[in-house]
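Let's take a walk through this structure together, one stop at a time. Have the sequence and the 3D view open as you read.

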Amino acid sequence: MQTRALPARTAANVAPRAARAAELAAAWRALWVSRLIVWAAAVIAVLVFGLSGRRVDFDPAGLTVPFGAAGDVLAAPLARWDSVWYLAIAGGGYGDGAREAFFPLYPLLVRIAGVPLGSALIGGALVSTALLFVALVVLHRLVALDYDRAVARNAVLVTALFPMAFFFSAVYSESLFLALSVGAVYAARRERWAWAGALGALAAATRSAGLLLLVPLALIYLFEGGRARWSARRRLRWDVLWLALVPLGLAAYCAYLALEGLDPLAPFNAQEVWFRSFAGPFHGIWDGAVAAWQGARQVLSGARSPVFFQPAGGDPFLVARHNIELFGWLVVVLAATAGALRRLPAAYGAYLVAALALPLSYPVGPQPLMSLPRFAAVLFPLAIWLAIWMTGRAWRERLVIAGFAAGLAVYTGIFATWHWVA
């Protein structure tokens with residue numbers, strides 16, 4: 001039987017359509033598998049272990065438990081810890097000196113989504129989950145610019161299954177920032193500089209680290225594809241001015257505070273409320289190592305007295321466990337960053353270094369590496385490097401996926417029961 005060839009125009013459309021179908025399928029699969037793990041782990045953990053007393057201490061207004069006994073169990077993975085701040089800002093704005101550390105774009109979206117639903121919590125969770133799907137789709141497209149479909153699929157999967165990925169569907173700004181940062185870099189790779197600048201500006205209105213997107217965007221502009229070779233440096237054109245939009249996101253937030261009669265520098269001053277201060281470039285690595293060493297001494301001593309790590313209060317054993325755990329995360333992140341610097345475009349590696357410099361140069365006194373694993377969750381070059389490392393080697397793929405899924409379940413359970421994570 002003779003097969004008729006497709007018309008040239010039709011054939012040209014087949015490949016893009018197939019690519020779009022593949023990226024949507026990969027993103028959708030990663031989304032529902034990972035969210036099912038998050039939901040199941042949270043519900044089981046709450047039913048088995050209950051909630052810690054920190055819920056009442058940290059959420060006296062009950063913003064995270066508005067649905068009654070059964071509803072609150074089902075909503076367990078959606079709102080804990082910093083979610084209280086985002087919900088409070090969505091409902092009441094800024095003005096207490098501590099809220100200003102949380103940038104405005106995500107609370108604004110939470111408020112908008114929550115109005116028709118009658119619940120800022122549900123609105124925020126839906127916004128986060130939808131933006132996670134967007135981020136996964138765009139990440140697949142970005143990776144596919146340089147690597148085959150298997151690497152892109154694995155990059156999407158490890159992002160969704162990362163042990164801290166429960167933040168991506170909770171009332172947190174992680175999924176928004178991930179979508180905007182990946183989108184800005186993808187737009188730059190496609191030389192759509194207006195989009196790159198606009199998305200970068202929105203990222204800078206989401207969190208302070210958004211300003212650091214100038215690093216990869218500038219390198220991609222100067223060196224096509226972000227692979228820095230000075231001999232291949234491109235001349236500046238007028239469209240480089242679009243990158244000036246990025247800092248305007250932060251400037252707009254400061255201007256808004258000034259118009260509200262608040263301190264326009266509050267986003268920077270508020271860091272002191274959260275015990276973050278400049279200790280020197282990457283000095284947090286040393287501080288984290290000291291805290292972990294003192295934690296190991298505390299654990300090995302078998303006693304709560306004397307307290308080896310004095311800056312932190314509370315149970316010395318709990319403090320020790322957190323500091324040892326966070327230092328372990330630091331070692332893993334630095335090893336992955338070294339791999340990314342060797343294998344990925346220079347723009348991606350430079351972004352990793354700049355993004356890690358922020359928390360590691362401004363450590364938290366009582367817990368120097370606080371939130372490091374959560375910050376790492378949105379650093380998409382780490383996921384790309386890991387996908388390259390594991391793809392084509394079945395045992396590596398099984399090890400990473402199984403390990404990440406197990407870690408996601410465990411950390412989700414800890415988070416859902418109101419115990420501190422990262």
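**A look inside**

Let's begin with a hollow: the largest cavity is lined by Gln294, Gly295, Gln298, Val307, Phe309, Ala312, Pro316, Val319, Ala320 and Asn323. Keep in mind that what you're looking at is a predicted model. The largest cavity has a volume of about 60 Å³, and the count of cavities of 30 Å³ or more comes to 1. Which helices supply at least two residues each to its lining? They are helix H13, covering 283-301, and helix H14, covering 316-343. H14 gives the largest share of that lining, with 4 residues. Sort the lining by class and you get 6 nonpolar residues, 4 polar ones and no charged ones.

H14 turns up again at the next stop, the second largest pocket, where it provides the largest share of the lining, 5 residues. This pocket holds about 370 Å³ of space. Its lining is made of 19 residues, and those nearest the centre are Phe162, Trp329, Val332, Leu386 and Phe404. Besides H14, the elements that give two or more residues here are H7, helix H16 (372-377), helix H17 (380-390) and H18. What's the mix of classes in this lining? There are 17 nonpolar residues and 2 polar ones, with no charged residues.

Now for the rings. A pair of aromatic rings is described by how far apart the centres are and by the angle of the planes. In this model the count of aromatic pairs comes to 26. Take Trp85 and Phe102, whose rings are stacked, with 5.8 Å from centre to centre and 15° between the planes. Trp85 sits in helix H4 (residues 83-92), while Phe102 is in the loop between H4 and helix H5 (105-117), so this pair ties together parts that are 17 residues apart in sequence. Both Trp85 and Phe102 are buried.

A second pair brings us back to Trp329, one of the residues nearest the centre of the second largest pocket. Trp329 pairs with Tyr411 in a tilted arrangement: 6.3 Å centre to centre and 55° between the planes. Because Trp329 lies in helix H14 and Tyr411 in helix H18 (residues 394-416), the pair ties together parts that are 82 residues apart in sequence. Are these two buried or exposed? Trp329 has a relative accessible area of 14%, so it is buried. Tyr411 counts as buried too, because its relative accessibility is 14%.

Some rings gather in a group: Trp85, Tyr86, Phe102, Tyr106, Phe166, Phe167, Tyr172 and Phe415 form one aromatic cluster. You've already met two of its members, Trp85 and Phe102, as the stacked pair.

For the last stop, zoom in on a single residue, Thr159, which you'll find in helix H7 (residues 149-161). Its relative accessibility is 5%, so Thr159 counts as buried. What does Thr159 touch, leaving aside residues up to four places away in sequence? Its contacts are Leu136, Leu139, Ala165, Phe168, Leu178 and Ala383. The side chain of Thr159 also reaches the backbone oxygen of Ala155, at 2.8 Å. To get a sense of scale, look across to Val290: from C-alpha to C-alpha, Thr159 and Val290 are 30 Å apart in space, and they are 131 residues apart in sequence.

Note on methods. Residues are numbered from 1 along each chain as its sequence is written. This is a predicted model: local features need pLDDT of at least 70, side-chain atom pairs count only at pLDDT 80 or more; totals for chains, interfaces and linings use all residues. Side-chain values use heavy atoms; hydrogens and water are left out. Buried means under 20% relative accessible area, exposed over 50%, partly exposed in between (1.4 Å probe, protein chains only). Contact means heavy atoms within 4.5 Å. A polar contact is a pair of N or O atoms within 3.5 Å; within protein, one must be able to donate a hydrogen and the other to accept it, and residues adjacent in sequence count only if both atoms are side-chain atoms. On a 1 Å grid over the protein atoms alone, a cavity is a set of points where a 1.4 Å probe fits but cannot get out, and a pocket is an open set with protein on both sides within 12 Å along at least five of seven lines; lining residues have an atom within 4 Å of a point. Grid points are joined across faces, edges and corners, and a volume is the space filled by probe spheres set on the points. Ala, Val, Leu, Ile, Met, Phe, Trp, Tyr, Cys and Pro count as nonpolar, Asp, Glu, Lys and Arg as charged, and the others, Gly among them, as polar. Rings of Phe, Tyr and Trp (its six-membered ring) pair if their centres lie within 6.5 Å; planes under 30 degrees apart count as stacked, over 60 as edge-to-face and the rest as tilted.
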